[in-house]
Amino acid sequence: MVYFEDLEIGAKAAFGRYEVTREEVIDFASKYDPQPFHLDDAAAAATHFGRLSASGWHTCAMVMRMLVDNITERKQAGLGSPGLDELRWHRPVFPGDVLRVETELTSKKQSQSRPEMGSFQSVVRVFNQDDVMVMSMKSIGLIRVRGA
């Protein structure tokens, strides 16, 4: 199990593989972001995207899946997250793209009021199959302190 004490500032990780499908792009957009360029090929072709593109919020959901899979595989003593900062969608994500994640731990701090937990910040970068960055954010995670 990975605890607060095991985290090292500067540590980097690369993980995940998420294949974006046309059906999933349309399904997500139909439910949560029903804009024409996420739903219809002809409408999308008439925009700056040039073709059907995933919602940025869908991209966030795909990234969250890869993050959770990584935490589970590493057996991290995670306690959730109070939020994130500086979310950016740098490039559109299209059906057929394959996404992956790179992280770098930038800081950590044990809680004064809740000594059984700590928090850490990471820069999260998301790339497509051509190594083009499509999304970035600063993530804040909560994690158990060993023996607490």
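Start your tour by selecting Tyr32, which counts as exposed at 59% relative accessibility. Throughout this tour, buried means a relative accessible area under 20%, exposed means over 50%, and partly exposed covers what lies in between, with a 1.4 Å probe and protein chains only.

A few words before you go on. You are looking at a predicted model, where local features need pLDDT of at least 70 and side-chain atom pairs count only at pLDDT 80 or more, while totals for chains, interfaces and linings use all residues. Residues are numbered from 1 along each chain as its sequence is written, and side-chain values use heavy atoms, with hydrogens and water left out.

**Stop 1: the aromatic pairs**

Rings of Phe, Tyr and Trp (for Trp, the six-membered ring) pair if their centres lie within 6.5 Å; planes under 30 degrees apart are called stacked, those over 60 edge-to-face, and the rest tilted. By this rule there are 3 aromatic pairs. One of them joins Phe28 and Tyr32, a tilted pair with 5.0 Å from centre to centre and 50° between the planes. Add Phe28 to your selection: Phe28 is buried, at a relative accessible area of 16%. Phe28 and Tyr32 are both in helix α1 (residues 22–32), and because they are 4 residues apart there, about one helical turn separates them.

Now select Trp57 and Trp89, which form an edge-to-face pair at 5.0 Å centre to centre, with 85° between the planes. Trp57 belongs to helix α4 (residues 56–74) and Trp89 to strand β2 (residues 83–89), so this pair ties together parts that are 32 residues apart in sequence. Trp57 counts as exposed at 52% relative accessibility, while Trp89 is partly exposed at 40%.

**Stop 2: the whole chain**

Clear the selection and colour by secondary structure. Helices (H or I, at least four residues) and strands (E, at least two) are DSSP runs, numbered from the N terminus. The protein chain has 4 helices and 5 strands, and along the sequence they follow the pattern β-α-α-α-α-β-β-β-β. Taken along the principal axes, the C-alpha atoms fill a box of roughly 55 × 30 × 25 Å.

How many of the 148 residues count as buried? The share is 38%. If you switch on the surface, the protein chain exposes about 8,600 Å², with carbon and sulfur atoms supplying 51% of it; accessible areas come from the Shrake-Rupley method with a 1.4 Å probe, and for residues only the protein chains shown count as cover.

Contact here means heavy atoms within 4.5 Å. Among contacts in the protein chain with a separation of 6 or more, 69% come from residues 24 or more positions apart.

**Stop 3: Lys12 and Ser122**

Select Lys12, which you will find in strand β1 (residues 12–19). Lys12 counts as exposed at 65% relative accessibility. Leaving out residues up to four places away in sequence, Lys12 touches Thr103 and Glu104. Measure with your viewer from Lys12 to Leu99, if you like: their C-alpha atoms are 17 Å apart, with these positions 87 residues apart along the chain.

Next, select Ser122 in strand β4 (residues 117–127). Is Ser122 buried or exposed? Ser122 is buried, with a relative accessible area of 9%. Apart from neighbours within four places in sequence, Ser122 is in contact with Glu104, Leu105, Thr106, Met137, Lys138 and Ser139.

**Stop 4: Asp40**

Move to Asp40, in the loop between α2 (36–39) and α3 (41–45). Asp40 is partly exposed, at 37% relative accessible area. Where does the side chain of Asp40 reach? The side chain comes to 2.7 Å from the backbone nitrogen of Ala43.

From Asp40, look across to Leu84: their C-alpha atoms are separated by 31 Å, and the two residues are 44 apart along the chain.

**Stop 5: two backbone angles**

Most residues other than glycine have a negative phi. With that in mind, select Lys75 in the loop between α4 and β2. Phi of Lys75 is near 55°, a positive value, and Lys75 is exposed at 53% relative accessible area.

End the tour at Glu86, in strand β2. Phi of Glu86 is near 55°, a positive value in a residue other than glycine. Glu86 is partly exposed, with a relative accessible area of 46%.

Key:
Polar contact = N/O pair within 3.5 Å; in protein donor to acceptor, adjacent residues only side chain to side chain.
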